[in-house]
Amino acid sequence: MPVTLASQLDEERRATALLNLRNYGEFRRIARALGGAGIPLIALKGLHLAELVYGDISLRPMSDLDILVPRDRVERCIAVLRGLEYGYDEELGAAAAAMLDTKCNLGLEHATLGVWLEVHWMLDERHGEPTDPLPDVWKSAVAARLGDAETLVMSPEFLLLHVCAHLACNHSFSFSLRALCDIAEIVRATPTLDWAAIAEHGTRHYWKRGISAALRLAHDYLGVPVPASVLAELGGDALDPGMLADAMTQLLGATSLPEGLVTAPNLLAVSAEKNLRKKAALLWSRAFLPRAELALLYGVPVDSPRLPLYHAVRLRDLLRRYAAGAWALNAGDPALAEVAARHLRLQRWISGAPAPDGGTGRSTPAPAGS
Amino acid sequence: MKLTDRVRIPQEVLARQVGEETVMLDLAKGAYFGLDPVGARMWQLLAEGKTLVEVCDAIVEEYDVSRDAVEQDLLGLVADLMSQGLLVPA
(Lines give C-alpha, C1' and ligand atoms only; values in the text may rest on other atoms or scores of the structure.)
Protein backbone atom coordinates (compact mmCIF):
# COMPACT_ATOMS: atom_id res chain seq x y z
CA MET A 1 0.00 0.00 0.00
CA PRO A 2 1.39 3.46 -0.85
CA VAL A 3 2.82 5.19 2.23
CA THR A 4 0.61 8.26 1.81
CA LEU A 5 -2.53 6.10 1.68
CA ALA A 6 -1.44 4.04 4.68
CA SER A 7 -0.77 7.22 6.59
CA GLN A 8 -4.18 8.63 5.62
CA LEU A 9 -5.87 5.42 6.79
CA ASP A 10 -3.97 5.61 10.09
CA GLU A 11 -5.15 9.18 10.57
CA GLU A 12 -8.75 8.24 9.82
CA ARG A 13 -8.56 5.26 12.10
CA ARG A 14 -7.26 7.39 14.97
CA ALA A 15 -9.96 10.01 14.34
CA THR A 16 -12.63 7.29 14.37
CA ALA A 17 -11.25 5.90 17.63
CA LEU A 18 -11.37 9.28 19.36
CA LEU A 19 -14.84 10.10 18.08
CA ASN A 20 -16.17 6.69 19.06
CA LEU A 21 -14.56 6.93 22.48
CA ARG A 22 -16.57 10.10 23.03
CA ASN A 23 -19.69 8.36 21.69
CA TYR A 24 -19.25 5.46 24.11
CA GLY A 25 -18.64 7.90 26.93
CA GLU A 26 -21.93 9.58 26.10
CA PHE A 27 -23.66 6.24 25.74
CA ARG A 28 -22.46 5.29 29.22
CA ARG A 29 -24.00 8.45 30.66
CA ILE A 30 -27.25 7.80 28.80
CA ALA A 31 -27.43 4.10 29.69
CA ARG A 32 -26.83 4.79 33.36
CA ALA A 33 -29.38 7.62 33.48
CA LEU A 34 -32.07 5.59 31.72
CA GLY A 35 -31.21 2.51 33.78
CA GLY A 36 -31.58 4.61 36.93
CA ALA A 37 -35.03 5.67 35.74
CA GLY A 38 -36.02 2.04 35.12
CA ILE A 39 -36.10 2.41 31.34
CA PRO A 40 -34.63 -0.56 29.47
CA LEU A 41 -32.77 0.14 26.25
CA ILE A 42 -31.22 -1.80 23.41
CA ALA A 43 -28.09 -0.29 21.84
CA LEU A 44 -28.49 -0.41 18.07
CA LYS A 45 -26.29 -0.41 14.96
CA GLY A 46 -22.89 1.30 15.27
CA LEU A 47 -22.87 1.26 19.08
CA HIS A 48 -23.32 -2.50 19.08
CA LEU A 49 -21.17 -3.22 16.04
CA ALA A 50 -17.99 -1.22 16.76
CA GLU A 51 -17.25 -2.57 20.21
CA LEU A 52 -18.82 -6.02 20.24
CA VAL A 53 -18.65 -7.17 16.62
CA TYR A 54 -15.62 -5.41 15.11
CA GLY A 55 -13.94 -5.60 18.54
CA ASP A 56 -11.96 -2.42 17.88
CA ILE A 57 -13.72 0.93 18.05
CA SER A 58 -11.37 2.46 15.50
CA LEU A 59 -12.64 0.17 12.74
CA ARG A 60 -16.33 1.09 12.59
CA PRO A 61 -17.27 4.79 12.35
CA MET A 62 -20.67 5.89 13.62
CA SER A 63 -22.32 9.20 12.91
CA ASP A 64 -24.85 9.04 15.72
CA LEU A 65 -26.03 6.96 18.65
CA ASP A 66 -29.12 4.80 18.19
CA ILE A 67 -31.06 3.30 21.05
CA LEU A 68 -34.34 1.39 21.17
CA VAL A 69 -36.68 1.91 24.12
CA PRO A 70 -40.15 0.49 24.79
CA ARG A 71 -42.86 2.57 23.16
CA ASP A 72 -44.62 3.19 26.47
CA ARG A 73 -41.43 4.67 27.98
CA VAL A 74 -40.62 7.15 25.21
CA GLU A 75 -42.05 10.21 26.98
CA ARG A 76 -40.23 9.42 30.20
CA CYS A 77 -37.06 8.64 28.26
CA ILE A 78 -37.15 12.06 26.59
CA ALA A 79 -37.61 13.73 29.97
CA VAL A 80 -34.56 11.90 31.35
CA LEU A 81 -32.50 12.78 28.29
CA ARG A 82 -33.52 16.41 28.66
CA GLY A 83 -31.78 16.28 32.03
CA LEU A 84 -28.61 15.22 30.18
CA GLU A 85 -28.93 18.22 27.85
CA TYR A 86 -30.37 16.29 24.89
CA GLY A 87 -33.09 18.09 22.92
CA TYR A 88 -34.59 21.41 23.85
CA ASP A 89 -35.36 23.35 26.99
CA GLU A 90 -39.09 23.11 26.31
CA GLU A 91 -41.13 20.18 27.56
CA LEU A 92 -41.80 18.19 24.38
CA GLY A 93 -43.19 14.97 25.80
CA ALA A 94 -46.67 15.66 24.40
CA ALA A 95 -45.29 16.17 20.90
CA ALA A 96 -43.28 12.95 21.19
CA ALA A 97 -46.36 11.04 22.33
CA ALA A 98 -48.27 12.37 19.33
CA MET A 99 -45.63 10.94 16.99
CA LEU A 100 -45.63 7.40 18.36
CA ASP A 101 -48.10 6.15 15.76
CA THR A 102 -46.57 7.81 12.72
CA LYS A 103 -42.80 7.87 13.24
CA CYS A 104 -40.32 5.29 14.45
CA ASN A 105 -37.68 7.46 16.07
CA LEU A 106 -36.84 10.87 17.38
CA GLY A 107 -33.51 12.64 16.94
CA LEU A 108 -32.08 14.69 19.81
CA GLU A 109 -28.88 16.72 19.71
CA HIS A 110 -26.74 17.38 22.75
CA ALA A 111 -26.69 21.07 23.63
CA THR A 112 -22.91 21.45 23.47
CA LEU A 113 -21.18 18.21 22.46
CA GLY A 114 -22.63 17.92 18.98
CA VAL A 115 -23.63 14.31 19.68
CA TRP A 116 -26.75 13.24 17.80
CA LEU A 117 -28.90 10.64 19.54
CA GLU A 118 -31.78 8.78 17.91
CA VAL A 119 -34.35 7.29 20.23
CA HIS A 120 -36.23 4.52 18.41
CA TRP A 121 -39.40 2.85 19.56
CA MET A 122 -39.84 0.85 16.35
CA LEU A 123 -37.35 -0.44 13.79
CA ASP A 124 -39.04 1.41 10.94
CA GLU A 125 -42.23 3.25 10.09
CA ARG A 126 -44.33 0.25 9.09
CA HIS A 127 -46.99 0.88 11.69
CA GLY A 128 -49.82 -1.61 11.86
CA GLU A 129 -47.93 -4.44 10.12
CA PRO A 130 -49.61 -7.73 10.97
CA THR A 131 -46.24 -9.25 11.89
CA ASP A 132 -44.01 -6.95 13.86
CA PRO A 133 -40.53 -8.27 14.73
CA LEU A 134 -40.23 -5.95 17.74
CA PRO A 135 -41.59 -8.30 20.43
CA ASP A 136 -39.10 -10.95 19.29
CA VAL A 137 -36.28 -8.39 19.26
CA TRP A 138 -36.95 -7.53 22.92
CA LYS A 139 -37.48 -11.15 23.91
CA SER A 140 -34.18 -12.28 22.40
CA ALA A 141 -32.09 -9.25 23.49
CA VAL A 142 -28.95 -10.13 25.42
CA ALA A 143 -27.12 -8.37 28.24
CA ALA A 144 -23.82 -6.76 27.27
CA ARG A 145 -21.26 -4.23 28.39
CA LEU A 146 -20.79 -1.25 26.08
CA GLY A 147 -18.72 1.81 26.91
CA ASP A 148 -18.24 0.24 30.36
CA ALA A 149 -22.01 0.37 30.95
CA GLU A 150 -24.44 -2.49 31.36
CA THR A 151 -27.00 -2.58 28.57
CA LEU A 152 -29.01 -4.79 26.25
CA VAL A 153 -28.09 -5.48 22.65
CA MET A 154 -29.88 -7.39 19.92
CA SER A 155 -29.20 -11.08 19.59
CA PRO A 156 -26.65 -11.67 16.79
CA GLU A 157 -29.46 -13.05 14.64
CA PHE A 158 -31.62 -9.92 14.96
CA LEU A 159 -28.56 -7.71 14.58
CA LEU A 160 -27.87 -9.35 11.23
CA LEU A 161 -31.51 -9.06 10.18
CA HIS A 162 -31.65 -5.42 11.26
CA VAL A 163 -28.45 -4.45 9.42
CA CYS A 164 -29.76 -6.15 6.25
CA ALA A 165 -33.20 -4.54 6.57
CA HIS A 166 -31.71 -1.12 7.28
CA LEU A 167 -29.58 -1.30 4.15
CA ALA A 168 -32.25 -2.69 1.84
CA CYS A 169 -35.63 -1.59 3.21
CA ASN A 170 -34.75 1.78 4.77
CA HIS A 171 -32.07 2.98 2.34
CA SER A 172 -32.86 0.97 -0.81
CA PHE A 173 -29.09 0.34 -1.07
CA SER A 174 -28.33 4.08 -1.46
CA PHE A 175 -25.87 3.65 1.35
CA SER A 176 -22.21 2.85 1.78
CA LEU A 177 -20.39 -0.45 1.37
CA ARG A 178 -19.91 -0.36 5.14
CA ALA A 179 -23.27 -2.14 5.52
CA LEU A 180 -21.99 -5.15 3.58
CA CYS A 181 -18.85 -5.13 5.76
CA ASP A 182 -21.12 -5.09 8.83
CA ILE A 183 -22.88 -8.20 7.55
CA ALA A 184 -19.55 -9.93 6.91
CA GLU A 185 -18.24 -9.00 10.37
CA ILE A 186 -21.37 -10.22 12.18
CA VAL A 187 -21.08 -13.59 10.46
CA ARG A 188 -17.32 -13.77 11.09
CA ALA A 189 -17.62 -12.78 14.75
CA THR A 190 -20.49 -15.19 15.47
CA PRO A 191 -19.53 -18.72 14.54
CA THR A 192 -22.57 -20.01 16.41
CA LEU A 193 -25.03 -17.89 14.44
CA ASP A 194 -28.44 -19.56 14.43
CA TRP A 195 -29.13 -19.58 10.70
CA ALA A 196 -32.41 -21.43 11.17
CA ALA A 197 -33.67 -18.54 13.33
CA ILE A 198 -32.49 -16.04 10.70
CA ALA A 199 -34.39 -17.89 8.00
CA GLU A 200 -37.46 -18.14 10.22
CA HIS A 201 -37.56 -14.48 11.26
CA GLY A 202 -36.40 -13.36 7.84
CA THR A 203 -39.40 -14.95 6.17
CA ARG A 204 -41.93 -14.15 8.89
CA HIS A 205 -41.82 -10.37 8.61
CA TYR A 206 -42.18 -7.70 5.91
CA TRP A 207 -38.43 -7.50 5.28
CA LYS A 208 -37.95 -10.86 3.50
CA ARG A 209 -36.85 -9.55 0.09
CA GLY A 210 -34.59 -6.91 1.65
CA ILE A 211 -32.92 -9.48 3.88
CA SER A 212 -32.44 -11.94 1.07
CA ALA A 213 -31.01 -9.30 -1.29
CA ALA A 214 -28.56 -7.95 1.30
CA LEU A 215 -27.38 -11.44 2.28
CA ARG A 216 -27.07 -12.44 -1.36
CA LEU A 217 -24.86 -9.40 -2.12
CA ALA A 218 -22.69 -10.06 0.94
CA HIS A 219 -22.37 -13.68 -0.18
CA ASP A 220 -21.62 -12.88 -3.82
CA TYR A 221 -19.28 -9.91 -3.40
CA LEU A 222 -17.59 -10.43 -0.01
CA GLY A 223 -17.71 -14.22 0.15
CA VAL A 224 -19.80 -14.23 3.32
CA PRO A 225 -20.62 -17.89 4.03
CA VAL A 226 -24.40 -17.66 4.04
CA PRO A 227 -25.68 -21.25 3.89
CA ALA A 228 -27.25 -22.05 0.53
CA SER A 229 -30.29 -23.53 2.28
CA VAL A 230 -30.90 -20.23 4.12
CA LEU A 231 -30.56 -18.19 0.94
CA ALA A 232 -32.98 -20.57 -0.75
CA GLU A 233 -35.47 -20.36 2.11
CA LEU A 234 -35.35 -16.57 1.97
CA GLY A 235 -35.70 -16.62 -1.81
CA GLY A 236 -32.19 -15.22 -2.25
CA ASP A 237 -31.33 -17.76 -4.92
CA ALA A 238 -34.18 -16.64 -7.16
CA LEU A 239 -33.75 -12.87 -7.01
CA ASP A 240 -33.82 -10.83 -10.20
CA PRO A 241 -30.12 -10.62 -11.23
CA GLY A 242 -30.69 -7.24 -12.83
CA MET A 243 -32.04 -5.79 -9.61
CA LEU A 244 -29.14 -7.26 -7.65
CA ALA A 245 -26.73 -5.60 -10.07
CA ASP A 246 -28.65 -2.33 -9.59
CA ALA A 247 -28.34 -2.70 -5.83
CA MET A 248 -24.57 -3.20 -6.05
CA THR A 249 -24.18 -0.28 -8.45
CA GLN A 250 -26.13 1.88 -6.01
CA LEU A 251 -23.95 0.76 -3.11
CA LEU A 252 -20.75 1.50 -4.98
CA GLY A 253 -21.97 4.88 -6.16
CA ALA A 254 -23.64 6.19 -3.02
CA THR A 255 -20.52 7.80 -1.61
CA SER A 256 -20.06 9.91 -4.76
CA LEU A 257 -23.52 11.46 -4.48
CA PRO A 258 -23.74 15.17 -3.64
CA GLU A 259 -23.63 15.51 0.14
CA GLY A 260 -27.27 16.51 0.52
CA LEU A 261 -28.48 13.43 -1.33
CA VAL A 262 -26.65 10.75 0.65
CA THR A 263 -28.83 11.45 3.65
CA ALA A 264 -31.95 12.20 1.64
CA PRO A 265 -33.10 9.03 -0.09
CA ASN A 266 -36.59 10.52 -0.24
CA LEU A 267 -35.31 13.26 -2.51
CA LEU A 268 -33.97 10.64 -4.91
CA ALA A 269 -37.33 8.91 -4.90
CA VAL A 270 -39.23 12.16 -5.46
CA SER A 271 -36.97 13.14 -8.33
CA ALA A 272 -37.43 9.84 -10.13
CA GLU A 273 -41.20 9.66 -9.56
CA LYS A 274 -42.95 10.18 -12.90
CA ASN A 275 -46.47 10.46 -11.50
CA LEU A 276 -46.90 14.18 -10.80
CA ARG A 277 -49.60 13.67 -8.20
CA LYS A 278 -47.43 11.23 -6.25
CA LYS A 279 -44.43 13.53 -6.64
CA ALA A 280 -46.40 16.50 -5.27
CA ALA A 281 -47.76 14.41 -2.37
CA LEU A 282 -44.26 13.25 -1.43
CA LEU A 283 -42.88 16.79 -1.54
CA TRP A 284 -45.80 18.15 0.47
CA SER A 285 -45.43 15.48 3.14
CA ARG A 286 -41.74 16.27 3.63
CA ALA A 287 -42.13 20.05 3.55
CA PHE A 288 -45.28 20.45 5.65
CA LEU A 289 -44.75 18.20 8.61
CA PRO A 290 -47.47 17.30 11.11
CA ARG A 291 -47.59 19.66 14.11
CA ALA A 292 -46.00 17.21 16.54
CA GLU A 293 -43.07 16.49 14.25
CA LEU A 294 -42.54 20.18 13.54
CA ALA A 295 -42.69 20.92 17.27
CA LEU A 296 -40.00 18.36 18.01
CA LEU A 297 -37.84 19.44 15.11
CA TYR A 298 -37.65 23.03 16.29
CA GLY A 299 -38.17 22.63 20.01
CA VAL A 300 -41.49 24.49 20.11
CA PRO A 301 -44.39 23.31 22.30
CA VAL A 302 -47.02 21.59 20.19
CA ASP A 303 -49.75 24.00 21.35
CA SER A 304 -47.69 27.14 20.75
CA PRO A 305 -49.35 29.77 18.52
CA ARG A 306 -45.89 30.34 17.01
CA LEU A 307 -45.71 26.80 15.64
CA PRO A 308 -47.27 27.45 12.18
CA LEU A 309 -44.54 30.01 11.51
CA TYR A 310 -42.04 27.18 11.65
CA HIS A 311 -43.41 25.77 8.38
CA ALA A 312 -41.63 28.70 6.74
CA VAL A 313 -38.47 27.95 8.73
CA ARG A 314 -38.72 24.31 7.63
CA LEU A 315 -38.99 25.37 3.97
CA ARG A 316 -35.96 27.62 4.37
CA ASP A 317 -33.97 24.80 5.99
CA LEU A 318 -34.95 22.30 3.28
CA LEU A 319 -33.89 24.72 0.58
CA ARG A 320 -30.56 25.37 2.30
CA ARG A 321 -29.85 21.69 2.79
CA TYR A 322 -31.12 20.15 -0.43
CA ALA A 323 -31.35 22.91 -3.05
CA ALA A 324 -27.97 22.07 -4.59
CA GLY A 325 -28.75 18.34 -4.75
CA ALA A 326 -32.26 18.92 -6.06
CA TRP A 327 -30.94 21.33 -8.67
CA ALA A 328 -28.37 18.78 -9.84
CA LEU A 329 -31.04 16.09 -9.99
CA ASN A 330 -33.42 18.20 -12.03
CA ALA A 331 -30.90 20.05 -14.13
CA GLY A 332 -30.52 17.07 -16.36
CA ASP A 333 -27.36 15.49 -14.91
CA PRO A 334 -27.83 12.08 -16.59
CA ALA A 335 -25.68 10.22 -14.04
CA LEU A 336 -27.68 11.58 -11.11
CA ALA A 337 -30.97 11.01 -12.89
CA GLU A 338 -29.98 7.36 -13.33
CA VAL A 339 -29.06 7.11 -9.65
CA ALA A 340 -32.50 8.49 -8.75
CA ALA A 341 -34.30 6.17 -11.17
CA ARG A 342 -32.35 3.19 -9.82
CA HIS A 343 -33.21 4.20 -6.27
CA LEU A 344 -36.92 4.27 -7.05
CA ARG A 345 -36.74 0.92 -8.87
CA LEU A 346 -34.95 -0.64 -5.89
CA GLN A 347 -37.36 0.91 -3.41
CA ARG A 348 -40.33 -0.56 -5.28
CA TRP A 349 -38.62 -3.91 -5.77
CA ILE A 350 -37.68 -4.30 -2.11
CA SER A 351 -41.15 -3.31 -0.92
CA GLY A 352 -42.77 -5.64 -3.45
CA ALA A 353 -44.67 -2.76 -5.08
CA PRO A 354 -45.26 -3.18 -8.80
CA ALA A 355 -43.19 -0.99 -11.10
CA PRO A 356 -45.19 1.41 -13.32
CA ASP A 357 -44.51 -0.80 -16.37
CA GLY A 358 -45.60 -3.93 -14.55
CA GLY A 359 -42.11 -5.41 -14.51
CA THR A 360 -39.10 -4.57 -12.39
CA GLY A 361 -38.96 -1.10 -13.89
CA ARG A 362 -35.56 -1.68 -15.46
CA SER A 363 -35.27 -0.41 -19.00
CA THR A 364 -32.50 -2.77 -20.08
CA PRO A 365 -31.37 -6.17 -18.88
CA ALA A 366 -28.28 -6.24 -16.66
CA PRO A 367 -25.66 -8.90 -15.99
CA ALA A 368 -25.96 -11.26 -13.07
CA GLY A 369 -24.96 -9.90 -9.68
CA SER A 370 -21.95 -12.11 -9.16
CA MET B 1 4.40 5.90 44.78
CA LYS B 2 6.03 2.59 45.77
CA LEU B 3 6.50 -0.47 43.60
CA THR B 4 4.27 -2.49 45.91
CA ASP B 5 1.35 -0.10 45.34
CA ARG B 6 -1.65 -0.65 43.07
CA VAL B 7 -3.55 1.95 41.11
CA ARG B 8 -6.98 2.00 39.50
CA ILE B 9 -8.69 3.77 36.63
CA PRO B 10 -11.23 6.38 37.79
CA GLN B 11 -14.87 6.02 36.72
CA GLU B 12 -14.75 9.05 34.44
CA VAL B 13 -11.90 7.67 32.33
CA LEU B 14 -12.73 5.52 29.33
CA ALA B 15 -9.90 3.69 27.57
CA ARG B 16 -9.77 1.34 24.60
CA GLN B 17 -7.10 -0.60 22.80
CA VAL B 18 -6.71 0.62 19.21
CA GLY B 19 -4.29 -1.61 17.36
CA GLU B 20 -1.20 -1.64 19.59
CA GLU B 21 -1.97 1.72 21.18
CA THR B 22 -4.40 2.73 23.87
CA VAL B 23 -6.58 5.83 23.60
CA MET B 24 -8.10 7.35 26.72
CA LEU B 25 -10.79 9.94 27.28
CA ASP B 26 -11.32 11.81 30.49
CA LEU B 27 -15.06 12.29 30.29
CA ALA B 28 -15.07 14.96 32.99
CA LYS B 29 -12.53 17.17 31.22
CA GLY B 30 -13.23 16.05 27.67
CA ALA B 31 -9.48 15.48 27.16
CA TYR B 32 -7.98 12.69 25.06
CA PHE B 33 -4.70 10.88 25.73
CA GLY B 34 -2.75 8.18 23.93
CA LEU B 35 -0.21 5.56 24.96
CA ASP B 36 2.36 3.84 22.75
CA PRO B 37 2.43 0.01 22.66
CA VAL B 38 4.67 -0.41 25.75
CA GLY B 39 2.71 2.21 27.72
CA ALA B 40 -0.50 0.53 26.56
CA ARG B 41 0.73 -2.82 27.89
CA MET B 42 1.66 -1.23 31.22
CA TRP B 43 -1.81 0.39 31.39
CA GLN B 44 -3.47 -2.93 30.64
CA LEU B 45 -1.58 -4.68 33.44
CA LEU B 46 -2.28 -1.84 35.88
CA ALA B 47 -5.97 -1.98 34.95
CA GLU B 48 -5.95 -5.69 35.81
CA GLY B 49 -5.08 -4.69 39.38
CA LYS B 50 -1.44 -5.77 39.36
CA THR B 51 1.03 -4.05 41.65
CA LEU B 52 3.74 -1.95 40.04
CA VAL B 53 6.33 -4.60 40.77
CA GLU B 54 4.18 -7.24 39.06
CA VAL B 55 3.84 -4.96 36.06
CA CYS B 56 7.65 -4.58 35.97
CA ASP B 57 8.09 -8.36 36.09
CA ALA B 58 5.77 -8.82 33.13
CA ILE B 59 7.33 -6.06 31.04
CA VAL B 60 10.91 -7.25 31.70
CA GLU B 61 9.91 -10.72 30.57
CA GLU B 62 7.90 -9.66 27.53
CA TYR B 63 10.24 -6.97 26.14
CA ASP B 64 13.66 -8.27 27.26
CA VAL B 65 14.76 -4.93 28.75
CA SER B 66 16.65 -4.08 31.93
CA ARG B 67 14.65 -4.00 35.15
CA ASP B 68 16.06 -0.62 36.17
CA ALA B 69 14.92 1.00 32.94
CA VAL B 70 11.42 -0.52 33.25
CA GLU B 71 11.04 0.58 36.87
CA GLN B 72 12.06 4.10 35.98
CA ASP B 73 9.74 4.26 32.97
CA LEU B 74 6.80 2.76 34.87
CA LEU B 75 7.14 5.08 37.85
CA GLY B 76 7.39 8.02 35.45
CA LEU B 77 4.32 6.91 33.50
CA VAL B 78 2.24 6.31 36.62
CA ALA B 79 3.22 9.69 38.08
CA ASP B 80 2.34 11.37 34.79
CA LEU B 81 -1.04 9.60 34.50
CA MET B 82 -1.87 10.33 38.14
CA SER B 83 -1.09 14.01 37.67
CA GLN B 84 -3.55 14.03 34.72
CA GLY B 85 -6.18 12.26 36.83
CA LEU B 86 -6.12 9.17 34.60
CA LEU B 87 -5.03 6.90 37.45
CA VAL B 88 -5.69 7.10 41.18
CA PRO B 89 -4.31 5.06 44.12
CA ALA B 90 -6.24 1.83 44.59
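Let's start with the surface of chain B: about 4,700 Å² is exposed, and carbon and sulfur atoms supply 49% of that. Keep in mind, everyone, that this is a predicted model. Of the 90 residues in chain B, 36% count as buried.

How is this chain put together? Chain B has 3 helices and 5 strands, and along the sequence they come in the pattern β-β-β-β-α-α-α-β. The radius of gyration is 12 Å, close to the 12 Å that the globule rule gives for 90 residues, so chain B is as compact as a globular protein of that length. If you'd like dimensions, the C-alpha trace of chain B spans about 35 × 30 × 20 Å along its principal axes.

Now the contacts within chain B. Taking those with a separation of 6 or more, 51% are between residues 24 or more positions apart. As for charge, chain B carries 8 positive and 16 negative charges, and the mean positions of the two sets lie 9 Å apart.

Let's hop over to chain A and look at helix 8, residues 195–204. Which of its residues are buried? They are A:Trp195, A:Ala197, A:Ile198, A:Ala199, A:His201 and A:Gly202. And what covers them? The cover includes helix 5 (134–140), helix 6 (156–170) and helix 7 (178–189) of chain A, along with helix 9 (208–222) and helix 10 (228–234) of that chain.

One last detail, at the start of helix 8 of chain A: a side-chain oxygen of A:Asp194 comes to within 3.2 Å of the backbone nitrogen of A:Ala196. Thanks, folks, over to you!

Conventions. Residues numbered from 1 in each chain as written. Chains lettered and ligands numbered in written order. Predicted model: local features only at pLDDT ≥ 70, side-chain atom pairs only at ≥ 80, totals over all residues. Heavy atoms only, no water. Buried < 20%, exposed > 50% of the residue type's maximum accessible area, 1.4 Å probe, protein only. Helix = DSSP H or I, 4+ residues; strand = E, 2+ residues; numbered from the N terminus. Contact = heavy atoms within 4.5 Å. Polar contact = N/O pair within 3.5 Å; in protein donor to acceptor, adjacent residues only side chain to side chain. Rg over C-alpha atoms; globule rule 2.2 N^0.38 Å. Areas by Shrake-Rupley, 256 points an atom, 1.4 Å probe, with all protein chains shown as cover. Lys, Arg positive; Asp, Glu negative; His and termini not counted. Charge placed at Lys NZ, Arg CZ, Asp CG, Glu CD.
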